[in-house]
Amino acid sequence: MDYEGQAYQGGLREPFNLEAEQSVLGAVLLKAECLSEVAEILPRADFFYGVVNQQIYGAMLEMYTFGRPVDFVTLLTKLRENPEFDQEAGRVYLAQLAQLVPSLDHVGLYAGMVRDKYNVRTLMQAARSILEEAGSGERDAQMLLETAEQRIYEIRQSKETEGLASIKDVLVETFDRLNLLNSPDRDKYRGIATGIGLLDSTITGLNRSDLIVLAARPGVGKTSFGLNIARHAAITGKRRVAFFSLEMGREQLASRLLSTEASVEGTKLRSGDMEDAEWARLVEAGDILSRAELYFDDAPGITVSQMKAKLRRLKGVELVIVDYLQLMSGGKKTDNRVNEISDITRNLKIMAKELDVPVIAMSQLRRPTDRTKDHRPGLSELRDSGSIEQDADIVIFLHREAYNAASEGGEVTEDMDVNAAEIIVAKNRHGATVDIPVHWQPEFMRFTARAFERNG
């Protein structure tokens, strides 16, 4: 008898495979050791469609978790603790299960069949939910599309989740990666270069799955530095880069990049008062930039789920830059901004790991309550949430002493270099924390490397 597709829900037939479900349960009853393989494929009882099958498998998993033996007697005793379990009919059903197993050797195949049906049911449930939301008229079309993509992506991610890997397999993967890093194509597999050599050697470039927080006080130049990194990665490194700007428009960002690439002052781009040579450099810079795999999104108040949806559509993204963290939305209604920022940073880290790309999230720093003599920023000044530091793999501060002194009412002395800047690596899971001197060129909106002097 064909037990597939016998149930209807909301006018649609929900697929399931009762024979496969019974074969899995029967195999475990015959050979409890099967549960170690089955539990990896079916980690929860709701993967089963039949209510009684869910009860039985849930009891099996609980007993397995606590190290209790699973056989006919112990399982029936456990199930009798459940008031919803029909004891008389259930006892007969358990006795029948062991007779319904075609082959113990194929239990993994049966479990895979059960999981496949569960994935289809989950997809159908998501589709029904999307239809209901679309029919309610409470969300706009763009939000509906992004929600639909996110739900389908989560189903796919659940399907592709791998189990524990042995150290032997991990070592093979590690040596494969090391061989690639020493091959002629090594640049493709190394961390993405930022354009500041000493920063790259300190953090080993921008590495996959890392969340890098780039923080500065307002006006120091974090957007410009982020654009410098994006430009270097896209043009010099030939990488596909996505830049999410929640503060500035796409045209403003493009103008800054043109100024940097053509070495034409930004004020001239705004006024249009340029010489022929500068126009020529702009045309050449425009040609170079137009061939770069650099993409801008200036949607205000974007959420992490919306961002993921856009990145999945773009495909092949190798670096994500977000400017800036405090302008993002958490996607949940809350009056607690600290919790909202914590949720955003946690989800940005999850996104970096899911998409296997480095994510640079820029952040504003709050004004220090205890103003030190040199106005240098510290981890305690990260705005709105301590989770920013906790979730980040790397925290970098951008510091300009003369600018900070002036903006905070301090004294700007004659011996201060107003264009001197520092990149302060305050947290680095891959190595040391250092201070890296750089030079700020305000006319071209760019930071360049300077000679390095190690502190102390």
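The secondary structure of this chain comes to 17 helices and eleven strands. Please keep in mind throughout that this is a predicted model. The chain has 456 residues, and buried residues make up 46% of them. If we take the contacts between residues at least 6 apart in sequence, 67% join residues at least 24 apart.

Let me turn to the sheet. Nine strands form an open sheet with mixed pairing, and their order is β5-β4-β6-β7-β3-β8-β9-β10-β11. At the edges stand β5, residues 294-297, and β11, residues 446-449; each has a single partner strand, so one side of each is left without a neighbour in the sheet. From one strand to the next, the twist averages 25 degrees. As a general reminder, strands of a sheet pair through backbone hydrogen bonds, either parallel or antiparallel. For one pair in detail, consider β8, residues 394-399, and β9, residues 420-428: these strands run antiparallel and are joined by six bridges. Within this pair, Leu398 stands opposite Ile423 in β9.

Two helices deserve mention alongside the sheet. Helix α14, residues 304-314, packs on the sheet and touches β4, β5 and β6, with its direction at about 150 degrees to that of β4. Helix α15, residues 337-355, lies across β3, β6 and β7 and runs at about 160 degrees to β7.

I move next to the interior space. How many cavities of 30 Å³ or more are there? The count comes to one, and about 40 Å³ of space lies in this largest cavity. Its lining consists of Thr194, Leu199, Leu206, Ile212, Leu214, Phe225, Ile229, Ile360 and Ile396. The elements giving two or more residues to that lining are β3, residues 211-216, and α10, residues 222-236. By class, the lining has eight nonpolar residues, one polar residue and no charged residues.

Helix α10 also holds Ser224. Is Ser224 buried or exposed? Ser224 has a relative accessible area of 2%, and the cut-off for a buried residue is under 20%, so Ser224 counts as buried. Leaving aside neighbours within four places in sequence, Ser224 is in contact with Arg256, Trp440, Met445 and Phe447.

One of these partners, Met445, lies in the loop between β10 and β11. Met445 is also buried, because its relative accessible area of 19% falls under the 20% limit. Its backbone is notable in that Met445 has a positive phi of about 55 degrees although it is not a glycine.

Another residue other than glycine with a positive phi is Ser209, where the value is near 70 degrees. Ser209 is found in the loop between α9, residues 197-203, and β3. A further backbone detail concerns the peptide bond from Asp323 to Tyr324, which is cis, with omega near 5 degrees. Tyr324 has its place in the loop between β6 and α15.

Finally, I come to Arg376, which is placed in the loop between β7, residues 359-364, and α16, residues 387-391. With a relative accessible area of 24%, Arg376 is partly exposed. Which residues does Arg376 touch, not counting those up to four places away in sequence? They are Arg217, Glu381, His399, Glu422, Ile424 and Asp435. In addition, the C-alpha atoms of Arg376 and Arg400 are separated by 8.5 Å, while these two residues are 24 residues apart along the chain.

How values were computed. Residues are numbered from 1 along each chain as its sequence is written. This is a predicted model: local features need pLDDT of at least 70, side-chain atom pairs count only at pLDDT 80 or more; totals for chains, interfaces and linings use all residues. Side-chain values use heavy atoms; hydrogens and water are left out. On a 1 Å grid over the protein atoms alone, a cavity is a set of points where a 1.4 Å probe fits but cannot get out, and a pocket is an open set with protein on both sides within 12 Å along at least five of seven lines; lining residues have an atom within 4 Å of a point. Grid points are joined across faces, edges and corners, and a volume is the space filled by probe spheres set on the points. Helices (H or I, at least four residues) and strands (E, at least two) are DSSP runs, numbered from the N terminus. Ala, Val, Leu, Ile, Met, Phe, Trp, Tyr, Cys and Pro count as nonpolar, Asp, Glu, Lys and Arg as charged, and the others, Gly among them, as polar. Buried means under 20% relative accessible area, exposed over 50%, partly exposed in between (1.4 Å probe, protein chains only). Contact means heavy atoms within 4.5 Å. Two strands pair if DSSP finds at least two bridges between them. Axes are lines fitted to C-alpha atoms, for helices over the stretch in contact, and angles run from 0 to 180 degrees between N-to-C directions.
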